[in-house]
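Work through the exercises below with the sequence and the coordinates at hand. Each task is followed by a solution in steps.

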Amino acid sequence: ACAAAVECPLPPQFICPFSGCIMTHPVMSVSCGHHFESAAVNHLIAAKEAAGPDSGPLLCPIDGSEVSLSCVIPAHELQAVIQQWPHIRQYFEAQQEQLRESESGGLTNFQFPVTPSAAASLAATPAPAPVPVPKPKPLS
């Protein structure tokens, strides 16, 4: 199977479950542990206040648990990963393109630069013995 067929979709963890948009300022609800876009949380807080106390609890769209929007913390690590995503995706796609070129013979003449002493050392080194890979245990 060709690894070039692998796609690099946007991870679903980058999408706010409330707004359906890519998060730019994610926060984590301490009550349920899931991440949401800060602007969506602020909008929901305002909507809950306007609806009054009889509007009922807000339920997490992921697991159905009650979400306390008054207790959220910034998710700086997730924000950093989301901001780096275009670069990560670009790198991944470049790697896939190199793999396609090598499989089609496009890189057959490519050679890494090796000094004469390194080449002699590599030629004199025996190939390592294969390392046995344990078989995975079936899930029960």
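Contact here means heavy atoms within 4.5 Å. The model is predicted.

**Exercise 1.** Find which residues L78 touches, leaving out those up to four places away in sequence.

Solution. Step one: apply the contact cut-off to L78, which gives Q13, F14, M23, P26 and H35. Step two: place L78 in the nonpolar core. The largest such core has 17 residues, and L78 is listed with F36, V67 and L69 as having the most contacts inside it. Step three: assign the core to helices. Helix 1 (38-51) and helix 2 (76-103) each contribute at least two of its residues.

**Exercise 2.** Determine the surroundings of E37: what charged and polar partners does its side chain have?

Solution. Step one: locate E37, which belongs to strand 2 (residues 35-37). Step two: look for a salt bridge. E37 is buried and has none; a salt bridge would need a side-chain nitrogen of Lys or Arg within 4 Å of a carboxyl oxygen. The nearest side chain of opposite charge is R89, 18 Å away. Step three: look for polar atoms. A polar atom of the E37 side chain lies 3.0 Å from the backbone nitrogen of H25. Step four: list the contacts beyond four places in sequence, which are C16, I22, M23, T24, H25 and P26.

**Exercise 3.** Describe the chain as a whole: in what order do its elements run?

Solution. Step one: count three helices and three strands. Step two: read from the N terminus, giving β-β-α-β-α-α. Step three: take the burial figure, 19% of the 140 residues. Step four: take the exposed area, about 10,500 Å², with 63% supplied by carbon and sulfur atoms.

Terms used: Residues are numbered from 1 along each chain as its sequence is written. This is a predicted model: local features need pLDDT of at least 70, side-chain atom pairs count only at pLDDT 80 or more; totals for chains, interfaces and linings use all residues. Side-chain values use heavy atoms; hydrogens and water are left out. A nonpolar core is a set of buried Ala, Val, Leu, Ile, Met, Phe, Trp, Tyr and Cys residues joined through side-chain atoms within 4.5 Å. Buried means under 20% relative accessible area, exposed over 50%, partly exposed in between (1.4 Å probe, protein chains only). Helices (H or I, at least four residues) and strands (E, at least two) are DSSP runs, numbered from the N terminus. Accessible areas come from the Shrake-Rupley method with a 1.4 Å probe; for residues, only the protein chains shown count as cover. Lys and Arg count as positive and Asp and Glu as negative; His and the chain ends are not counted. A polar contact is a pair of N or O atoms within 3.5 Å; within protein, one must be able to donate a hydrogen and the other to accept it, and residues adjacent in sequence count only if both atoms are side-chain atoms.
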